[in-house]
Amino acid sequence: MKTTFPQKLARGAVYALLLIVFCGPFWGILATAFSKTTVQPGQLLIWPDQPTFDHFIYAWTEVKAWIYLFNSLLVVAIGTVLQTTVSALAAYALARKKFRGAAFISLAILSTMMLPDEVISIPLYLILHQKLPLLGVSIYNSYAALILPLVGWAFSVFLLTEFMKAVPRDLEDAARVDGANEIQIFLKVIVPLVKPALGTTTIFGFLMIWDQYLLPLIAVDDRSLYTIPVVLRSLRVDEIMQQNIFIAVTVIATVPCIVVYLLLQKQFNRGLMSGAVKG
Amino acid sequence: MSIEPKRWRWTIPWLFLAPALIFFTWFKFVPILKGLIMSFYQVKFIGADRWVGLANFERALTDSALGAAALNTLIYVFSTTIAGGLLAFAVALILEGQALHIRIIRTAIFFPAVTSVAVLAEVWRILFYPAQTGVVNSILGLFGADPQGFMSDPNQALFVVILLQVWKNIPYSMVIFIAGLAGINRELYDAADVDGASPLRKLWHVTIPGLVPAFSVVIMLSFIRGFRVFTEIYTTTGGGPAGSTEVIMTSIFKTGFERLDYGYAAAVSFMLFTFTVGLTVAHVAIKNRFSRT
């Protein structure tokens with residue numbers, strides 16, 4: 001079937017419309033953040049006008065966007081590593097070991113997948129305030145409060161369990177015959193074979209932690225601990241701030257997600273296909 | 001080795017599970033239980049909490065402000081599901097395939113889906129700025145329309161925040177539809193061609209029936225996302241103007257963190273939780289029934 005020229009034109013128009021609707025706004029904030037021309041609230045430029053880095057420099061030094069960016073990056077880095085490590089260890093037990101209680105533990109973890117985090121925000125807030133035994137301090141208002149509640153994530157436990165189940169027994173048995181202990185089997189046999197799945201849980205963990213809003217809102221009080229998504233709303237209240245600068249901060253908050261998404265596309269798509277995405 | 005290996009073997013899975021169990025218990029299981037218990041109390045700052053039985057739940061059922069928020073939530077859920085589902089289906093039909101330009105467009109339209117909601121909210125506030133300068137208002141101006149109030153107009157605000165959710169979720173739903181399209185037996189299309197079926201008939205008789213599982217997943221995810229929606233509302237309108245975009249979660253947040261009425265907020269949260277679990281169970285039941293026939 002040959003496509004005629006008008007058909008091609010129509011297709012092109014639809015593609016252009018999709019790109020404008022889904023990417024246009026991102027292009028707009030980028031162009032505006034790099035323009036010297038001051039915009040009115042609600043205005044976006046289609047093309048950078050008198051290109052400049054000024055707004056970013058101002059956002060970085062005066063608004064101190066770097067503090068919030070640093071907080072976000074620190075939380076997302078430690079959080080993703082902890083989340084993936086803890087999930088991989090649990091998945092190893094659930095996928096490769098037969099033990100009494102396995103089904104119950106699976107079910108308990110799975111049940112939290114249906115649990116919207118929002119509905120436990122009130123008790124979670126009180127728990128973050130509780131003083132820890134022995135240490136006598138609470139984790140409220142610390143990096144720990146921003147990170148630790150995100151470590152247990154059913155999605156990554158289950159994705160990794162599924163992948164680890166697929167690893168052939170023979171490989172494990174062969175390593176065992178060679179005298180490998182459990183930790184060696186985990187690190188040298190299983191982990192290398194599920195690396196693609198680890199990539200998938202890493203990117204979804206990254207996006208999930210970066211997107212956290214309610215948790216930082218209830219977990220910390222000091223502005224110096226705010227993550228970049230949370231600080232946006234409080235900057236908005238600063239009416240004196242020039243619109244371009246605010247947009248520059250928004251761009252700073254956007255870039256890490258887009259970069260990670262573009263770098264880990266393959267792993268991202270695999271995760272989507274696994275069908276267990278919690279949106 | 002002094003430890004007899006066999007005797008301690010049973011501990012191995014538990015040692016691997018231990019970190020996960022600690023985190024899940026601390027930040028999921030305990031909060032769930034605590035929330036459930038709090039629902040039956042009036043939580044006080046000074047002195048002991050007071051047991052109030054089902055009073056919090058009774059109050060929830062007669063609370064007219066919560067009722068209004070629940071109604072907004074329902075409108076939000078159904079509109080985002082229907083509009084988002086249909087648009088995503090259309091986009092999937094357009095962007096199905098492996099050609100390079102199609103793959104690039106698919107990658108590009110994912111930007112709203114991977115960006116944090118807080119950023120999207122700011123983008124939305126710029127696009128729908130309620131004055132002549134706003135992006136959407138200036139586009140409408142080209143067609144001679146007056147500037148609209150959008151999120152500052154109680155009659156339009158809910159519609160605008162619904163659009164945000166639709167915009168953000170189309171890419172995810174599209175991917176589910178594309179996976180579904182790839183799973184449809186090609187021979188069915190060939191058979192339809194032999195019968196001389198029009199493209200529209202093929203869509204109706206082959207494509208859509210083949211996508212029932214995809215539709216069911218998309219609807220389900222959209223329902224769960226919709227009922228628990230918080231950040232999308234809190235960062236755009238905060239529930240206003242005049243409560244026109246107040247949903248269940250923003251109302252819980254205000255009850256709990258602004259009015260410090262923890263017990264009541266916990267009770268409403270628990271009702272929402274039970275409801276979403278019920279939805280999930282119903283979904284699984286319906287799905288099983290479909291796959292059996």
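Among contacts in chain B between residues at least 6 apart in sequence, what share joins residues at least 24 apart? The figure is 66%, where two residues count as in contact if their C-beta atoms, placed from the backbone, lie within 7 Å.

Before going further, a word on what you're looking at: this is a predicted model, in which local features need pLDDT of at least 70, side-chain atom pairs count only at pLDDT 80 or more, and totals for chains, interfaces and linings use all residues. Residues are numbered from 1 along each chain as its sequence is written, while chains are lettered from A and ligands numbered from 1 in the order in which they are written.

**Chain B as a whole**

Chain B carries 15 helices and two strands; these are DSSP runs numbered from the N terminus, with helices being H or I over at least four residues and strands E over at least two. Its C-alpha trace spans about 75 × 70 × 40 Å along the principal axes. The radius of gyration of chain B is 25 Å, against near 19 Å for a compact globule of 293 residues. That radius is taken over C-alpha atoms, and the globule rule is 2.2 Å times the number of residues to the power 0.38. Of those 293 residues, 43% count as buried, meaning that 20 or more other C-beta atoms lie within 10 Å of a residue's own (12 or fewer is exposed, in between is partly exposed, and C-beta atoms are placed from the backbone).

**Where the chains meet**

Chain A and chain B each put 64 residues into their contact. On the chain A side, helix α1 (residues 5-33) gives the most, with nine residues. That side of chain A divides into 48 nonpolar, 11 polar and five charged residues. Here Ala, Val, Leu, Ile, Met, Phe, Trp, Tyr, Cys and Pro are nonpolar, Asp, Glu, Lys and Arg are charged, and the others, Gly among them, are polar.

**Inside chain A**

Chain A splits into domain 1 (1-52) and domain 2 (65-273), with bounds that come from an automatic or database domain assignment. The centres of the two domains, taken over C-alpha atoms, are 34 Å apart. Their contact takes 10 residues from domain 1 and eight residues from domain 2. The domain 1 side has six nonpolar, four polar and no charged residues.

UniProt, in an unreviewed entry, lists "transmembrane region" in chain A at several places, including residues 140-164 and 245-264. Such positions are given in the numbering used here, feature names are shortened, and annotations may be inferred rather than shown by experiment. Here's how those two spans look in the model:

| Span of chain A | Helix | Strand | End C-alpha atoms apart |
|---|---|---|---|
| residues 140-164 | 64% | 0% | 36 Å |
| residues 245-264 | 95% | 0% | 30 Å |

**A few residues to click on**

A:N141 has a positive phi of about 65° although it isn't a glycine. A:N141 sits in the loop between α5 (121-129) and α6 (143-147), and it is partly exposed because 15 other C-beta atoms lie within 10 Å.

B:L260 also isn't a glycine, and its phi is positive, near 55°. You'll find B:L260 in the loop between α14 and α15 (262-292) of chain B; it has 10 C-beta neighbours inside 10 Å, so it counts as exposed.

Finally, a cis peptide bond joins B:G240 and B:P241, with omega about -10°. B:P241 is in the loop between α13 (231-234) and α14 (248-258) of chain B.
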